[in-house]
Amino acid sequence: MTMAFAVEEINNSSRLLPNLTLGYSLYDNCATLGIGFSAAVSMASGQTEAFVPQENCTGYPPVLGIVGDPFSTFSIAISNVLGLFRLPIVSYFATCSCLSDRNQFPSFFRTIPSDVFQVHAVIQILKHFDWTWVGLLVSDDDYGLHVARSFQTDFAQTGEGCLAYTEILPWGNDADTYSEIVGTIKGSSSKVVIVFAHQMHMIQLMTEVVKQNVTGLQWISSEAWTCVKGLHTAEFMPYLSGTLGIAIRRGEMPGFQNFLLRLNPAQNTEEKNLIHTFWEHAFECRFAPAPAEWVEAGGALCTGQEDLQNIETEFLDLSNLRPEYNIYKAVYALAHALDDLLNCESGRGPFAGNSCATLQTMEPWHLLYYMEQVHFSTQFGDEVSFDETGDALPIYDVMNWQWLPNGETIVLNVGVFNKLASKGDKLTLHGNRILWNPQFTKPPQSVCSESCPAGTRMARQRGQPVCCFDCILCSEGTISNSTDSTECSMCPEDFWSSPGRDQCVPKKTEFLSYHEPLGICLTTASLLGAFICAVVLGIFTYYRSTPLVRANNSEMSFLLLVSLKLCFLCSLLFIGRPRLWTCQLRHAAFGISFVLCVSCILVKTMVVLAVFKASKPGGGATLKWFGALQQRGTVFVLTSVQAVVCIVWLVSASPTPHKNMKYHNDKIVHECAIGSTIGFTVLLSYIGFLAFLSFMLAFLARNLPDNFNEAKLITFSMLIFCAVWVAFVPAYVNSPGKYADAVEVFAILASSFGLLLALFGPKCYIILLRPERNTKKGIINRSNAKACN
């Protein structure tokens, strides 16, 4: 009746085909391929009932196009044949994506979107609710099998999600197969089930679902059963309530209800059989001659005068026109194409020689050309056109099955899916209008594995789809700062991963700091040593005229105290963050200070030996080589050698600050790279050589009388010095980072304190606590007493 209404509306239009009257023939395919195929071939070949000419119409009525078939499988068969004749076929319900193949179906059009777009719409819904683990059920026909192929391509292979299972619903009453399929659904962890099938499949499926009591599922319906009311039963709705479905775009056709109310068996002679069947069903009567059994049972006879407004029938419910609206658009598409064909200007046509087609010379392929160009808008405001594959502009309504407390079921529009050429896929959902299954208080979760949080990466489970994975904590030094990361990224060189492995944080820095306990202790010891040197220097200066100070080569003693003070202070260069100037200065200051110190000790030792030799007969000439000038010169020359070594080292391969990341992965050790190992070795070796020479000379003079000064003290001090630095080398080599600096500072302080205490401790004791011994007589008597012994 929608087709009849559309044709009548066009025939009454003064704008569209104003001088032409359209006719039509209606065929029922009886859901049987053979019947539908035969009807289509009959129309295309002209083998129809005789046509009574009216006015100037002659011959058989030309079949301009066919509206149908609703089934994809039937449309494939019909289009395969009629496509050879290029006869336009416009289906209002066949959605198989295979029909978009223009090489195989060159004359097929449809006003319902292809299943490709329906699959896109379903995938957009899944993405909206983060459902990545779903089951797919399809019917065992072209419709279902092509959907399954499209879904696996667009959903699983593009990484949008995974299919937990794919099952094919058989035709017929195959209880065992349905039982196995429901068992698969029940055993799966997926909570979302998508069904691309027909009403008959769903009835059998839901019967088994109820039987096995499979609850807690979110159903997604295809357009084939979204608006089917045969499933809205008290038995099925506890399981199907909350279903989300894709529905054909709803439309409105003004005047359609009045057209239906005007139906009358007496007036509508063209659809007499159809009207009679409907009339008998609506009014529960029979037209004469009625069957005898009907009359005997007291059944009423139809008069044809019954009023349709006095009955309640779904036939007059025009609030949900969906397939009907597609039929309406299909008829208008053919009419607009014919109108464009007839309005062609001679000499400016699209065919050979810029010719136009006429109603008398028209061939099916002429109209096919204009069908491909058709573009118009319906009174409802929808644009109608076909793309290069014959598909209409894809637009769907998203529906929600809501089971109300009073037992009523409504199918509510909760969104729209559009595919626009300029903007791509667009899904609009009104979440506040969705009513979920009573078992859910919010959209259910359906994932194979929970999302991996930041700081972890996904590791696919062996033999499972990509949606099934384990979350592995990122290794040290790598992070992932987003959920569901497939890999962890390395942190920059100066950064390290946080404990949560979700961000890179600056690496901890390590150096011998003034603020840590070790640095504080070493700094305190260094300053204390420098202070003690200053105190001793003050004591020796104050008592410089006493015999003890004068007898111990006072000038070298003062110079030795100054060098020791420098040794204590140079250790401060090893504490704190290494800078270029501290790296360059620390070893130079250390090397020169210690050479100055050891040189003074060496000169003092040599002077002691010279004085002892001069006290013997004939030894007086020796002292002329150890005067004050010679002593200063010797110290200057020995120290200058170390200064030259340091200058060459700094010029050729200067020590520089270095960030060492080899000791710890999560720490940056700031240290001074020595630059030249040879330079450092020469510096230490030279100090060691002078210290060993001093030790040997002092050891040879250890048994000299006390009046020949401090040979024993020098021997003991050099023994301490050498022991400290011999132990220093292996300790320094095996100490990482700041501990190498701490070992060197400790060696400097230990050797400096050893020299200070060994050389000046006994003298300060006598000067301060035993002043009676700090006399010339005291020193001589003590010496003579030891000589007598």
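**Note on a three-stranded sheet and a helix pair**

1. In strand 24, V669 is the bridge partner of N660. The model discussed here is a predicted one, and the points below take up first the sheet around this residue pair and then a contact between two helices.

2. Strand 23 and strand 24 (residues 667-673) run antiparallel and are joined by five bridges. Besides the pair formed by N660 and V669, T656 stands opposite A673 of strand 24. The connection from strand 23 to strand 24 is a hairpin of six residues.

3. Strand 24 also pairs with strand 22, here in the parallel sense and over three bridges. On this side, K508 is placed opposite K667 of strand 24. As general background, pairing between the strands of a sheet is made through backbone hydrogen bonds, in either a parallel or an antiparallel manner.

4. Taken together, the three strands make an open sheet with the order 22-24-23 and mixed pairing. Its edges are strand 22 (508-510) and strand 23 (656-660), each of which pairs on one side only. Direction ignored, neighbouring strands of the sheet are turned against each other by 30 degrees on average.

5. How many residues of strand 24 are buried? Five of the seven are buried, and the strand is accordingly described as mostly covered.

6. The second topic is the packing of two helices. A packed pair is described in general by the angle and the distance between the two axes. For helix 16 (residues 554-570) and helix 21 (residues 738-769), the axes come within 9 Å and cross at roughly 155 degrees. An angle over 145 degrees counts as roughly antiparallel, and helix 16 and helix 21 are therefore roughly antiparallel to each other. The crossing of helix 16 past helix 21 is left-handed.

7. Which residues form this contact between helix 16 and helix 21? Helix 16 contributes S557, L560, L561, L564, C567, F568 and C570. These meet I748, L749, S752, F753, L755, L756, L759 and F760 of helix 21. By class, the contact comprises 13 nonpolar and two polar residues, with no charged residues.

8. In summary, strand 24 has a parallel partner in strand 22 and an antiparallel partner in strand 23, while helix 16 and helix 21 meet through a contact without charged residues.

Definitions and conventions. Residues are numbered from 1 along each chain as its sequence is written. This is a predicted model: local features need pLDDT of at least 70, side-chain atom pairs count only at pLDDT 80 or more; totals for chains, interfaces and linings use all residues. Side-chain values use heavy atoms; hydrogens and water are left out. Axes are lines fitted to C-alpha atoms, for helices over the stretch in contact, and angles run from 0 to 180 degrees between N-to-C directions. Helices (H or I, at least four residues) and strands (E, at least two) are DSSP runs, numbered from the N terminus. Angles under 35 degrees count as roughly parallel, over 145 as roughly antiparallel, 65 to 115 as roughly perpendicular and the rest as oblique. A crossing is left-handed if the near helix is turned anticlockwise from the far one by less than a right angle, and right-handed if clockwise. Contact means heavy atoms within 4.5 Å. Ala, Val, Leu, Ile, Met, Phe, Trp, Tyr, Cys and Pro count as nonpolar, Asp, Glu, Lys and Arg as charged, and the others, Gly among them, as polar. Two strands pair if DSSP finds at least two bridges between them. Buried means under 20% relative accessible area, exposed over 50%, partly exposed in between (1.4 Å probe, protein chains only).
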